[in-house]
Amino acid sequence: MKYNFIFSLIATTFVITGCTTTKSIKYPVHGQNTTISVSSEQISAMTESGAGDYFISDSQITVGDASKATSNPAASAFGLIGMGIATAIEKNTNASAISKSSLKQAIKFDDLTNAKINQAQAEHIFDPSLKILAINQASEIKVVPYARISFKETPLVSVNFGLKTEFKNSASNQSSAKRFYSYMSKTRVPLSEWDSSNNALFNQKADQAFNALAKAFILDAQHQLNLSVFSETKQKTCQNNKDGQNLSFLEAPEDICIGVLKDKKGKTFEGLLFVVEQ
């Protein structure tokens with residue numbers, strides 16, 4: 001199986017943050033009046049982004065893959081100094097790649113995500129005690145939406161939308177835990193198409209992505225997704241996106257495809273769920 005695209009997609013949120021663990025990760029237990037709040041903050045530049053990613057100021061968007069400086073063996077050959085120089089080069093290249101784009105502005109997904117989570121909860125009530133608070137409130141589950149613009153396949157550009165959640169792991173003595181939901185889109189077009197008509201395509205894909213991501217999250221937060229129970233039917237129907245061939249698909253409602261990666265022993269990496277565009 002070819003994992004090249006998937007590992008490019010998750011570089012910012014999987015390997016770096018320790019999501020490669022197969023330990024059990026569970027949301028707070030059912031019926032405990034668990035609170036949820038969407039955050040306006042960015043993902044962490046230190047631990048949750050790719051080396052050299054450029055953060056668009058006052059937004060929830062990062063930009064990467066315009067340069068291969070940090071992946072060049074010559075960079076690591078010179079140790080920390082070499083990697084530091086390569087990271088700076090890559091960040092500058094990523095900044096230049098997006099410099100003339102209309103996407104280089106203060107775009108956030110907090111309001112959109114909050115609305116989508118409220119909608120998903122209204123449509124899928126399994127734990128009536130779950131409470132969705134206003135944006136940027138102290139809560140048991142914090143949700144951070146983000147997008148990463150990738151120039152890996154230049155001149156084609158892709159956008160990965162996602163959610164990061166932070167909470168106390170009820171399966172591990174309430175230790176701090178994170179889970180990432182990554183939307184796998186089939187759309188790869190030139191940057192000019194993402195820019196055209198006041199970012200119409202970008203906004204359309206963001207709406208579509210966060211609608212599906214919110215649904216996956218709200219089902220998961222209510223313990224409706226079992227990361228050890230897979231669907232033979234979805235394994236066949238959810239692979240019309242070629243990258244979905246690398247995933248094992250969970251039992252889930254008919255209109256959503258949620259996949260996970262497994263290790264060589266067949267254990268699920270529980271820190272990251274993929275929602276595959278259909």
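Leaving aside neighbours within four places in sequence, which residues is T62 in contact with? Let's work through this and three more exercises together.

Before we start: this is a predicted model, where local features need pLDDT of at least 70, side-chain atom pairs count only at pLDDT 80 or more, and totals for chains, interfaces and linings use all residues. Residues are numbered from 1 along each chain as its sequence is written, and side-chain values use heavy atoms, with hydrogens and water left out.

**Exercise 1. Place T62 and list its contacts.**

Step 1: T62 lies in strand 3, residues 61-64 (strands are DSSP runs of E, at least two residues, and helices are runs of H or I, at least four, numbered from the N terminus).
Step 2: With a relative accessible area of 3%, T62 is buried (buried means under 20%, exposed over 50%, partly exposed in between, using a 1.4 Å probe and protein chains only).
Step 3: Its contacts (heavy atoms within 4.5 Å) are I43, D53, Y54, F55, A147, R148 and I149.

**Exercise 2. Describe the surroundings of T187.**

Step 1: Find T187 in the loop between strand 7 (175-184) and strand 8 (189-190).
Step 2: A relative accessible area of 12% makes T187 buried.
Step 3: Not counting residues up to four places away in sequence, T187 touches V157, S158, W194, L201, K205 and E277.
Step 4: Now look at K205, 18 residues from T187 along the chain, with 8.7 Å between their C-alpha atoms. The two side chains make a polar contact at 3.3 Å (a pair of N or O atoms within 3.5 Å; within protein, one must be able to donate a hydrogen and the other to accept it, and residues adjacent in sequence count only if both atoms are side-chain atoms).

**Exercise 3. Locate E153 and judge its accessibility.**

Step 1: E153 sits in the loop between strand 5 (141-150) and strand 6 (156-169).
Step 2: Its relative accessibility is 36%, so E153 counts as partly exposed.
Step 3: P190 is 37 residues from E153 in sequence, and their C-alpha atoms are 9.6 Å apart.

**Exercise 4. Characterise the contact of helix 4 with helix 5.**

Step 1: Helix 4 (residues 110-123) and helix 5 (residues 191-221) pack at about 50°, with axes 8 Å apart.
Step 2: That angle makes helix 4 oblique to helix 5 (under 35 degrees is roughly parallel, over 145 roughly antiparallel, 65 to 115 roughly perpendicular, and the rest oblique).
Step 3: Helix 4 contributes L112, T113, K116, I117, Q119, A120 and Q121 to the contact, while helix 5 contributes A206, D207, F210, N211, A214, K215, F217 and I218.

Terms used
Axes are lines fitted to C-alpha atoms, for helices over the stretch in contact, and angles run from 0 to 180 degrees between N-to-C directions.
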